[in-house]
Amino acid sequence: MKRLTLFLCALLSTAILSALPIPPLNEPVTDLAGLLRPDARQRINSYLHEVHNQTGVHIAVFTIPSLEGETIEEYSMSVAEKWQLGQKDADNGVLLLIALNDRAMRIEVGYGLEGTLTDIKSGLIIREVMAPRFREGNWELGIYDAVRTIAGIATGNEEWISKAVSNPETATNSSGNGPVLIAFILFYLLFSITAGRRKGGLGGGFLWPFVIMSLLN
(Lines give C-alpha, C1' and ligand atoms only; values in the text may rest on other atoms or scores of the structure.)
Protein backbone atom coordinates (compact mmCIF):
# COMPACT_ATOMS: atom_id res chain seq x y z
CA MET A 1 0.00 0.00 0.00
CA LYS A 2 2.83 2.35 0.85
CA ARG A 3 4.49 1.72 -2.52
CA LEU A 4 1.22 2.40 -4.32
CA THR A 5 0.82 5.67 -2.45
CA LEU A 6 4.34 6.76 -3.37
CA PHE A 7 3.74 5.81 -6.99
CA LEU A 8 0.51 7.85 -7.14
CA CYS A 9 2.27 10.82 -5.55
CA ALA A 10 5.01 10.61 -8.17
CA LEU A 11 2.43 10.57 -10.95
CA LEU A 12 0.66 13.56 -9.43
CA SER A 13 3.92 15.49 -9.16
CA THR A 14 4.72 14.79 -12.79
CA ALA A 15 1.28 15.95 -13.85
CA ILE A 16 1.70 19.18 -11.92
CA LEU A 17 5.10 19.87 -13.42
CA SER A 18 3.82 19.34 -16.95
CA ALA A 19 0.50 21.20 -16.54
CA LEU A 20 1.71 23.84 -19.01
CA PRO A 21 1.98 22.14 -22.42
CA ILE A 22 5.39 21.54 -23.96
CA PRO A 23 5.50 21.59 -27.76
CA PRO A 24 7.70 19.21 -29.76
CA LEU A 25 11.17 20.42 -30.65
CA ASN A 26 11.07 20.94 -34.42
CA GLU A 27 13.55 23.82 -34.78
CA PRO A 28 16.14 25.42 -32.50
CA VAL A 29 13.78 28.36 -31.98
CA THR A 30 10.25 27.82 -30.67
CA ASP A 31 8.68 31.27 -30.43
CA LEU A 32 5.23 30.85 -28.89
CA ALA A 33 5.34 34.41 -27.52
CA GLY A 34 5.74 35.84 -31.02
CA LEU A 35 8.79 37.93 -30.18
CA LEU A 36 10.55 37.32 -33.49
CA ARG A 37 9.67 38.25 -37.04
CA PRO A 38 9.84 35.32 -39.48
CA ASP A 39 13.12 36.50 -41.02
CA ALA A 40 14.75 36.97 -37.61
CA ARG A 41 13.55 33.58 -36.42
CA GLN A 42 14.97 31.96 -39.55
CA ARG A 43 18.26 33.78 -39.08
CA ILE A 44 18.64 32.47 -35.53
CA ASN A 45 17.49 28.99 -36.57
CA SER A 46 20.09 28.89 -39.34
CA TYR A 47 22.81 30.08 -37.01
CA LEU A 48 22.00 27.50 -34.34
CA HIS A 49 21.75 24.71 -36.93
CA GLU A 50 25.22 25.67 -38.14
CA VAL A 51 26.63 25.69 -34.60
CA HIS A 52 25.11 22.28 -33.92
CA ASN A 53 26.33 20.74 -37.18
CA GLN A 54 29.87 22.06 -36.79
CA THR A 55 30.43 21.62 -33.05
CA GLY A 56 27.74 19.31 -31.68
CA VAL A 57 26.61 21.96 -29.19
CA HIS A 58 22.81 22.00 -29.13
CA ILE A 59 21.22 25.35 -28.20
CA ALA A 60 17.46 25.88 -28.14
CA VAL A 61 15.44 29.06 -27.62
CA PHE A 62 11.92 28.80 -26.23
CA THR A 63 9.64 31.79 -25.69
CA ILE A 64 6.20 31.56 -24.12
CA PRO A 65 3.55 34.20 -23.34
CA SER A 66 3.15 33.14 -19.70
CA LEU A 67 4.13 30.49 -17.19
CA GLU A 68 0.47 30.36 -16.14
CA GLY A 69 1.30 30.07 -12.47
CA GLU A 70 4.15 27.59 -12.79
CA THR A 71 7.63 28.47 -11.65
CA ILE A 72 10.20 28.98 -14.37
CA GLU A 73 12.45 26.46 -12.61
CA GLU A 74 9.89 23.66 -12.79
CA TYR A 75 8.80 24.38 -16.34
CA SER A 76 12.34 24.73 -17.62
CA MET A 77 13.16 21.38 -16.05
CA SER A 78 10.18 19.77 -17.76
CA VAL A 79 11.14 21.24 -21.14
CA ALA A 80 14.75 20.10 -20.82
CA GLU A 81 13.69 16.58 -19.88
CA LYS A 82 11.33 16.32 -22.84
CA TRP A 83 13.61 17.88 -25.47
CA GLN A 84 16.81 16.04 -24.42
CA LEU A 85 19.15 18.68 -25.80
CA GLY A 86 22.77 17.90 -26.57
CA GLN A 87 24.71 14.75 -27.32
CA LYS A 88 24.06 11.97 -24.82
CA ASP A 89 27.74 11.25 -24.21
CA ALA A 90 28.69 14.94 -23.99
CA ASP A 91 25.60 16.49 -22.32
CA ASN A 92 26.31 19.71 -24.22
CA GLY A 93 22.84 21.20 -24.54
CA VAL A 94 21.63 24.65 -23.53
CA LEU A 95 18.08 25.91 -23.14
CA LEU A 96 17.21 29.62 -23.14
CA LEU A 97 13.67 30.09 -21.83
CA ILE A 98 11.86 33.44 -21.93
CA ALA A 99 8.43 33.97 -20.32
CA LEU A 100 7.20 37.29 -21.70
CA ASN A 101 4.36 38.29 -19.38
CA ASP A 102 6.22 37.04 -16.32
CA ARG A 103 9.33 38.96 -17.36
CA ALA A 104 11.45 35.96 -16.49
CA MET A 105 14.40 34.36 -18.24
CA ARG A 106 16.39 31.26 -17.51
CA ILE A 107 19.50 29.64 -18.98
CA GLU A 108 19.82 25.93 -18.36
CA VAL A 109 23.16 24.28 -19.06
CA GLY A 110 24.05 20.62 -19.47
CA TYR A 111 26.73 19.14 -17.24
CA GLY A 112 29.14 18.91 -20.14
CA LEU A 113 29.23 22.71 -20.50
CA GLU A 114 29.15 23.74 -16.85
CA GLY A 115 32.90 24.23 -16.75
CA THR A 116 32.81 26.81 -19.55
CA LEU A 117 29.31 28.30 -19.46
CA THR A 118 29.49 29.05 -15.76
CA ASP A 119 26.93 30.52 -13.39
CA ILE A 120 28.52 33.96 -13.53
CA LYS A 121 28.73 34.02 -17.34
CA SER A 122 25.15 32.85 -17.71
CA GLY A 123 24.03 35.58 -15.35
CA LEU A 124 25.98 38.19 -17.32
CA ILE A 125 24.38 37.05 -20.57
CA ILE A 126 20.94 37.72 -19.11
CA ARG A 127 21.87 40.86 -17.20
CA GLU A 128 24.20 42.59 -19.66
CA VAL A 129 23.35 41.16 -23.09
CA MET A 130 19.62 40.44 -23.11
CA ALA A 131 18.05 42.79 -20.58
CA PRO A 132 19.32 46.05 -22.15
CA ARG A 133 17.96 45.05 -25.58
CA PHE A 134 14.68 43.92 -24.11
CA ARG A 135 14.24 47.23 -22.32
CA GLU A 136 14.54 48.86 -25.74
CA GLY A 137 11.93 46.47 -27.15
CA ASN A 138 14.55 44.85 -29.39
CA TRP A 139 13.77 41.21 -28.69
CA GLU A 140 15.40 39.96 -31.87
CA LEU A 141 18.83 41.46 -31.24
CA GLY A 142 18.73 40.53 -27.56
CA ILE A 143 18.02 36.89 -28.33
CA TYR A 144 20.49 36.72 -31.22
CA ASP A 145 23.32 38.30 -29.23
CA ALA A 146 22.55 35.97 -26.32
CA VAL A 147 22.67 32.74 -28.34
CA ARG A 148 25.76 33.94 -30.18
CA THR A 149 27.49 34.56 -26.86
CA ILE A 150 26.31 31.21 -25.49
CA ALA A 151 27.68 29.49 -28.60
CA GLY A 152 30.94 31.40 -28.35
CA ILE A 153 31.51 30.39 -24.75
CA ALA A 154 30.45 26.79 -25.35
CA THR A 155 32.73 26.35 -28.37
CA GLY A 156 35.61 28.58 -27.32
CA ASN A 157 35.06 31.05 -30.17
CA GLU A 158 35.90 34.39 -28.57
CA GLU A 159 34.75 36.38 -31.62
CA TRP A 160 31.14 35.45 -30.87
CA ILE A 161 31.24 36.48 -27.21
CA SER A 162 29.73 39.84 -26.26
CA LYS A 163 32.17 42.26 -24.62
CA ALA A 164 29.67 42.59 -21.77
CA VAL A 165 30.51 38.98 -20.90
CA SER A 166 34.16 38.81 -21.92
CA ASN A 167 34.85 42.02 -19.94
CA PRO A 168 32.35 41.79 -17.07
CA GLU A 169 34.06 44.44 -14.94
CA THR A 170 33.52 47.05 -17.64
CA ALA A 171 29.92 45.96 -18.11
CA THR A 172 29.15 46.05 -14.41
CA ASN A 173 30.81 49.40 -13.84
CA SER A 174 28.90 50.94 -16.73
CA SER A 175 25.57 49.92 -15.21
CA GLY A 176 23.81 51.57 -12.33
CA ASN A 177 22.58 48.16 -11.20
CA GLY A 178 26.06 46.69 -10.81
CA PRO A 179 25.88 46.49 -6.98
CA VAL A 180 22.47 44.83 -7.23
CA LEU A 181 23.89 42.22 -9.60
CA ILE A 182 26.82 41.49 -7.28
CA ALA A 183 24.50 41.14 -4.30
CA PHE A 184 22.23 38.81 -6.25
CA ILE A 185 25.17 36.67 -7.35
CA LEU A 186 26.41 36.34 -3.79
CA PHE A 187 22.92 35.46 -2.58
CA TYR A 188 22.47 32.86 -5.32
CA LEU A 189 25.82 31.23 -4.66
CA LEU A 190 25.01 31.04 -0.93
CA PHE A 191 21.61 29.54 -1.75
CA SER A 192 23.22 26.99 -4.09
CA ILE A 193 25.68 25.88 -1.45
CA THR A 194 22.90 25.54 1.12
CA ALA A 195 20.36 23.82 -1.07
CA GLY A 196 22.77 21.68 -3.10
CA ARG A 197 22.33 20.62 -6.70
CA ARG A 198 19.68 18.41 -8.21
CA LYS A 199 21.01 15.51 -10.25
CA GLY A 200 20.24 14.04 -13.65
CA GLY A 201 20.60 15.09 -17.29
CA LEU A 202 20.42 18.58 -18.66
CA GLY A 203 17.82 19.57 -16.12
CA GLY A 204 20.19 18.65 -13.30
CA GLY A 205 23.02 20.89 -14.44
CA PHE A 206 23.39 24.55 -13.57
CA LEU A 207 20.14 26.44 -13.76
CA TRP A 208 20.44 30.24 -13.47
CA PRO A 209 17.01 31.62 -12.66
CA PHE A 210 16.63 35.31 -13.30
CA VAL A 211 13.29 36.95 -12.66
CA ILE A 212 14.17 40.38 -13.98
CA MET A 213 11.08 42.48 -13.49
CA SER A 214 13.08 45.39 -12.10
CA LEU A 215 15.57 45.21 -14.96
CA LEU A 216 12.92 45.37 -17.68
CA ASN A 217 10.92 48.24 -16.18
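Buried means under 20% relative accessible area, exposed over 50% and partly exposed in between, with a 1.4 Å probe and protein chains only. The model is predicted: local features need pLDDT of at least 70, side-chain atom pairs count only at pLDDT 80 or more, and totals for chains, interfaces and linings use all residues. Residues are numbered from 1 along each chain as its sequence is written, and side-chain values use heavy atoms, with hydrogens and water left out.

**Exercise 1. State how strand 4 is covered and how strand 3 pairs with strand 4.**

Step 1. Helices (H or I, at least four residues) and strands (E, at least two) are DSSP runs, numbered from the N terminus. Strand 4 covers residues 104-109, and six of its six residues are buried.

Step 2. Ala104, Arg106 and Glu108 point one way, Met105, Ile107 and Val109 the other way, and all are buried.

Step 3. Two strands pair if DSSP finds at least two bridges between them. Strand 3 and strand 4 run antiparallel and are joined by six bridges, with Val94 opposite Val109.

Step 4. The two strands form a hairpin with four residues between them, and Arg103 in the turn has a positive phi of about 50 degrees.

**Exercise 2. Explain why strand 2 is described as largely enclosed.**

Step 1. On one side of strand 2, His58, Ala60, Phe62 and Ile64 are buried, and on the other Ile59, Val61 and Thr63 are too.

Step 2. Strand 1 (residues 29-31) pairs with strand 2 in the parallel sense over three bridges, and Val29 stands opposite Val61.

Step 3. Strand 3 (residues 93-99) also runs parallel to strand 2, with seven bridges; Thr63 stands opposite Ile98.

Step 4. Seven of the seven residues of strand 2 are buried, so the strand is largely enclosed by the rest of the structure.

**Exercise 3. Describe the surroundings of Glu70.**

Step 1. Glu70 sits in the loop between strand 2 (58-64) and helix 3 (72-83).

Step 2. Lys and Arg count as positive, Asp and Glu as negative; His and the chain ends are not counted. A salt bridge needs a side-chain nitrogen of Lys or Arg within 4 Å of a carboxyl oxygen of Asp or Glu.

Step 3. Glu70 is buried without a salt bridge, and Arg106, the nearest side chain of opposite charge, is 11 Å away.

Step 4. A polar atom of the Glu70 side chain lies 2.7 Å from the backbone nitrogen of Leu20.

Terms used
Polar contact = N/O pair within 3.5 Å; in protein donor to acceptor, adjacent residues only side chain to side chain.
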